[in-house]
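Me: Hi! Could you walk me through a structure I just opened? I'll throw quick questions at you as we go.

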Amino acid sequence: MTKFVVTPASRAQREAWTGGAIPDVERVRPGLWSIPVPIPVNPLRYVLVYALELQDGVAIVDAGWDTDEAYEALCSGLRVAGYAITDVKGVLVTHIHPDHYGLAGRVREASGAWIALHPADAGLLRERYDDEAIDGLVRRERALLERCGVPATTLDELAGASMMIRHMVSMARPDRLVEDGDDLGLPGWDLRAIWTPGHSPGHLCFVSPERRVLFSGDHVLAKITPMVAVHPQSPPNPLADYLDSLAAVGGLEVDEVLPAHEYRFLELGKRVDSVLAHHEERLAEIERVVAGHDGVTCWDTATRLTWSRPWESIPPFMRRSANNETLAHLVWLEAKGRVRRAPGEPDLWHPQ
């Protein structure tokens, strides 16, 4: 398949991304700003926070990671736009991953802003971010990895891989729960929520039909595809959810997509088609591995797939993600009757 290359909406933003730099704060159009907020120790480097001008301040889409550097970058970006952190009236969180949700509580403390989140993600907060509950989540992750065939020598390391960033996340319960189709009620903005589960159970996009823009969070990005994985907090078949919700936004009549990473771009429909085709290719690759190694584990399947780097050079946290993403594809294939699982310790996968 020939990979479709989107047209960047901001050449400067694209050049910053490809050059390994942090882009500048940009005025996207009247009343709308893009503010890059750095992510620590992460190849994505930054999250793009969007500031929407209101009559009496701003609302922001996502907030950034909970570090002093990120908070100062957000405050500095707002100052470029002519606002202070105390002018933030609302934080629209696309999903609860720490680079999007992490600073929401700190922003609320500084400004009194409300925090909005989809109920499906709000329901995961305690187990994910509460110190008294997180040990249970790690145990469940370990059990899942064990059934995937992860070697005993690395099982504990992978199960607790995300704990190294736990200190950078603090829990802030939402003030508003936003459902699919809800109008956000922002003066001067016809902003509507679209529930797009997959990358997280409660992922939200926000569309403005009048301004013809889509705030896509991690759902649709310019170059990479978001991780869609089976994990202890995921629904049974997250890839099915993702593909359905991806198709649901593909027909939106917008001129510009404003994602949370990389750079803004045009041609939403063509990009959606490209991502759908990518997953079809990945599913076919996994099906071939299962056919060629009857009775293979999920972990061994993952080690045989094509990744952006050799498997041996992938760090533990990313290996866990690769395994769980492979599992999501296996589960989708199982639901379609294209592969068969033999439950056990570990589960073994067979061609149908």
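Me: How many residues does helix α2 have, and what does it reach from its first C-alpha to its last?
Reply: Happy to help! Keep in mind that this is a predicted model. Helix α2 covers residues 68–80, which is 13 residues, and it reaches 18 Å from first C-alpha to last, close to the 18 Å expected at 1.5 Å a residue.

Me: Nice. Which residues in α2 are buried?
Reply: Those are A70, Y71, L74, C75, G77 and L78. Looking down the axis of α2, the buried residues fall within an arc of 160 degrees, so they line one face of the helix.

Me: And D68 and E69, are they buried or exposed?
Reply: Both are exposed, on the other side of α2.

Me: What covers the buried residues of α2?
Reply: The cover includes β2, β3 (46–53), β4 (58–61), β5 (88–92) and α4 (104–111).

Me: OK, β2 then. How does strand β1 run relative to it, parallel or antiparallel?
Reply: Antiparallel: 3 bridges join β1 (residues 26–29) to β2 (residues 32–38). One bridge partner pair is E26 with S34 in β2. The two strands form a hairpin with 2 residues between them, and G31 in the turn has a positive phi of about 85 degrees.

Me: Switching topic: what is the strand order in the open sheet of 4 strands?
Reply: The order is β8-β9-β10-β11, with mixed pairing. The edge strands are β8 (192–195) and β11 (256–259), each pairing on one side only.

Me: Which residue in β9 stands opposite W195?
Reply: That's L204. β8 and β9 (residues 204–208) pair in the antiparallel sense over 4 bridges.

How values were computed. Residues numbered from 1 in each chain as written. Predicted model: local features only at pLDDT ≥ 70, side-chain atom pairs only at ≥ 80, totals over all residues. Heavy atoms only, no water. Pairing = 2+ DSSP bridges. Expected span 1.5 Å × (residues − 1). Buried < 20%, exposed > 50% of the residue type's maximum accessible area, 1.4 Å probe, protein only. Arc of directions from axis to C-beta. Contact = heavy atoms within 4.5 Å.
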